[in-house]
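Colleague: I have just opened this one and have not looked at it before. Could you walk me through it?

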Amino acid sequence: MKILVVEDEIALAEALSEILKRNKYIVDAVHDGEDGLEYALTDIYDCILLDIMLPKMNGLDVLRILRKKKISTPVLLLTAKSDIEDKINGLDSGADDFLTKPFVTGELLARVRALTRRKGEVITDEFTFGDVALNKSTFSLSREGQFVKLSLKEYQIMEMLIANPKQLISKERFIEKIWGYESDVEYNNIEVYISFLRKKLKVIGSNVTIKTARGIGYCLENGE
Ligand code: CA
């Protein structure tokens, strides 16, 4: 899960990033409306935390442009006070929820969880595909009582594959989502992680394989 934080108070942006990272979200933080818009338009985030009062472009304008451009990423607006006017304008601009500053960590996490929950999704620590289960809290892959630990990057790649079972995911998309779109990670790093994952799937005797569509990307296949 990847989250964009747009907040000009640096200390608050850092605190938010820290809390989210500790809860296994991947976070990018920017500090003005123009950067916020540019990052949000990449459409790689699962949720955006957006301050209203921002330099260069205010949060409500950022939100209006995003919605106009059909970016439907859930947006949690950060409001300085429980100002009813802000909330009405925010809803009119396409916000999904509000968080009034100052807030407590538990409330922040609960709202982010609610916004990133896919419709109909059951809340569980596990994703499953075919005969394998991917556990979010232990970072492990299992099949019928056989377990194998994954590294953080392996876990994140496997999570993207399992969460999008019918889609081909390109190396570029993995890099954008996991390393951030300004990273200099190379395509062959992805190939290496995919080969580790293939080995681990074999270790637990799974029928699931990672299929390569040359030049396009990867997807999971249930070999049964
Ligand atoms: Ca602000």
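Modeller: We can go from the metal site to the aromatic rings, then to the helices and a few backbone details. Please keep in mind throughout that this is a predicted model.

Colleague: Okay, metal first. Which residues are the protein donors of the calcium ion?

Modeller: The calcium ion has Asp8 and Asp51 as donors through their OD atoms, and Met53 through its O atom, at 2.1 to 2.3 Å from the ion. Along the chain these donors follow the spacing D-x42-D-x1-M. Asp8 sits in the loop between strand S1 (2–6) and helix H1 (10–22), while Met53 sits in the loop between strand S3 (47–51) and helix H3 (59–68), so this pair ties together parts that are 45 residues apart in sequence.

Colleague: And is Met53 buried or exposed?

Modeller: Met53 counts as exposed, because its relative accessibility is 64% and the cut-off for that class is over 50%. Asp8, at 29% relative accessibility, counts as partly exposed.

Colleague: Switching to rings: how many aromatic pairs does the structure hold?

Modeller: There are four aromatic pairs. One of them joins Phe139 and Tyr155, whose ring centres are 4.3 Å apart and whose planes meet at 5°, so the pair is stacked. This pair links distant parts of the chain, since Phe139 belongs to the loop between strand S7 (132–135) and strand S8 (140–143) and Tyr155 to helix H6 (residues 152–163), with their positions 16 residues apart in sequence.

Colleague: Why do Phe139 and Tyr155 count as buried?

Modeller: Buried means under 20% relative accessible area, and Phe139 has 13%. Tyr155 has a relative accessibility of 5%, so Tyr155 counts as buried as well.

Colleague: What about the pair of Tyr193 and Phe196, how are those rings arranged?

Modeller: Tyr193 and Phe196 form an edge-to-face pair, with 6.4 Å from centre to centre and 85° between the planes. They are three residues apart in helix H8 (residues 187–203), which means that about one helical turn separates them. Phe196 counts as partly exposed, at 35% relative accessibility. The two also belong to one aromatic cluster together with Trp179.

Colleague: Which residues does Tyr193 touch away from its own stretch of chain?

Modeller: Leaving aside residues up to four places away in sequence, Tyr193 touches Ser151, Lys153, Glu154, Ile157 and Trp179. Tyr193 and Ser151 are 42 residues apart in sequence, yet their C-alpha atoms are 9.5 Å apart in space.

Colleague: Some of those are in H6, I think. At what angle do H6 and H8 pack?

Modeller: The two helices pack at an angle of about 80°, and their axes are 10 Å apart. That makes H6 roughly perpendicular to H8. On the H6 side the contact is made by Lys153, Glu154, Ile157 and Met158, and on the H8 side by Tyr193, Ile194, Phe196, Leu197, Lys200 and Leu201.

Colleague: What does that contact look like by class?

Modeller: The contact of H6 with H8 has seven nonpolar residues, three charged residues and no polar ones.

Colleague: Moving on to H7, which of its residues are buried, and what do they pack against?

Modeller: In helix H7 (residues 171–179), Phe174, Ile175, Lys177 and Ile178 are buried. The buried residues of H7 pack against S1, strand S2 (26–30), H6, H8 and strand S11 (217–222). Just after H7, Gly180 takes a positive phi of about 95°.

Colleague: Speaking of phi, which residues other than glycine have a positive value?

Modeller: Two that I can point to are Asp43, with phi near 60°, and Glu144, with phi near 40°. Asp43 is found in the loop between helix H2 (33–40) and S3, and Asp43 is partly exposed, with a relative accessible area of 36%. Glu144 is in the loop between S8 and strand S9 (146–149), and at 70% relative accessibility Glu144 counts as exposed.

Colleague: Last one, about the peptide bond from Lys101 to Pro102: is it cis or trans?

Modeller: That peptide bond is cis, with omega near -5°. Pro102 itself lies in the loop between strand S5 (97–100) and helix H5 (105–116).

Terms used: Residues are numbered from 1 along each chain as its sequence is written. This is a predicted model: local features need pLDDT of at least 70, side-chain atom pairs count only at pLDDT 80 or more; totals for chains, interfaces and linings use all residues. Side-chain values use heavy atoms; hydrogens and water are left out. Donors are N, O and S atoms within 2.8 Å of the metal (3.2 Å for Na, K and Ca); water is not among the atoms, so sites may look incomplete. Helices (H or I, at least four residues) and strands (E, at least two) are DSSP runs, numbered from the N terminus. Buried means under 20% relative accessible area, exposed over 50%, partly exposed in between (1.4 Å probe, protein chains only). Rings of Phe, Tyr and Trp (its six-membered ring) pair if their centres lie within 6.5 Å; planes under 30 degrees apart count as stacked, over 60 as edge-to-face and the rest as tilted. Axes are lines fitted to C-alpha atoms, for helices over the stretch in contact, and angles run from 0 to 180 degrees between N-to-C directions. Angles under 35 degrees count as roughly parallel, over 145 as roughly antiparallel, 65 to 115 as roughly perpendicular and the rest as oblique. Contact means heavy atoms within 4.5 Å. Ala, Val, Leu, Ile, Met, Phe, Trp, Tyr, Cys and Pro count as nonpolar, Asp, Glu, Lys and Arg as charged, and the others, Gly among them, as polar.
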